[in-house]
Amino acid sequence: MLGASLYVAPVMQPGVTTARVYLPPGSWGHMWTGLTRTVKTGGYFEVPAPIGEPPVFYSIQCPHMNKLVWVLQEEGVIVAKNREKKKSTKIPSLRKKDKKLMEF
């Protein structure tokens, strides 16, 4: 965690394409897709981590983070894959015991 609004999970091993991340309670946006997830109790999740796109989540409740993400998207620094659906797309709830990847 970088403060209370940004979570970065660097992938340090070659060939790894997923990462297990802990998200604390709150509403989180995925930096690369713009998809959001509300986490009620906190927990670990397996998420995609392709090369060049490490797991990065930001608190959607933080206006400064929302502004930063918007600016980065407008400048082309990050390209949200689901940008046109960003406001209406929600990730289905997953049980912690599910082995499936979150569909970011």
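**Questions about M31, strand β3 and S59**

Me: Leaving aside its neighbours within four places in sequence, which residues is M31 in contact with?
Reply: In this predicted model, M31 is in contact with L6, V56, Y58, V69 and I78, once its neighbours within four places in sequence are left aside. Contact here means that heavy atoms lie within 4.5 Å.

Me: Why is M31 called buried?
Reply: A residue counts as buried when its relative accessible area is under 20%. The value for M31 is 8%, and because 8% is under 20%, M31 is called buried. As for its place in the chain, M31 is found in the loop between β3 (26–30) and β4 (36–39).

Me: How far apart are M31 and P54, in sequence and in space?
Reply: The two residues are 23 residues apart in sequence, while in space they are 9.3 Å apart, taken from C-alpha to C-alpha.

Me: What makes β3 a strand that is mostly covered?
Reply: Five of the five residues of β3 are buried, and this holds for both faces, with G26, W28 and H30 on one side and S27 and G29 on the other.

Me: How do you know that β3 and β4 pair?
Reply: Two strands pair if at least two bridges are found between them. There are four bridges between β3 and β4, in the antiparallel sense, so the requirement of at least two is met. Within this pair, G26 stands opposite V39 in β4. The hairpin of β3 and β4 has five residues between the strands, and there G34 takes a positive phi near 80 degrees.

Me: What makes β3 and β6 a pair as well?
Reply: Three bridges join β3 to β6, and the two strands run antiparallel; because at least two bridges are needed, they too count as paired. In this pairing G29 stands opposite Y58 in β6.

Me: Why is S59 called buried?
Reply: S59, which is found in strand β6, has a relative accessible area of 7%. The cut-off for buried is under 20%, so S59 falls within that class. Not counting residues up to four places away in sequence, S59 touches A4, S5, S27, W28 and M65.

Me: What is the confidence in the protein chain?
Reply: The protein chain averages a pLDDT of 78, and 76% of the residues score at least 70. Over residues 83–104, however, the pLDDT is below 50.

Technical notes:
Residues numbered from 1 in each chain as written. Predicted model: local features only at pLDDT ≥ 70, side-chain atom pairs only at ≥ 80, totals over all residues. Heavy atoms only, no water. pLDDT = per-residue confidence, 0-100. Buried < 20%, exposed > 50% of the residue type's maximum accessible area, 1.4 Å probe, protein only.
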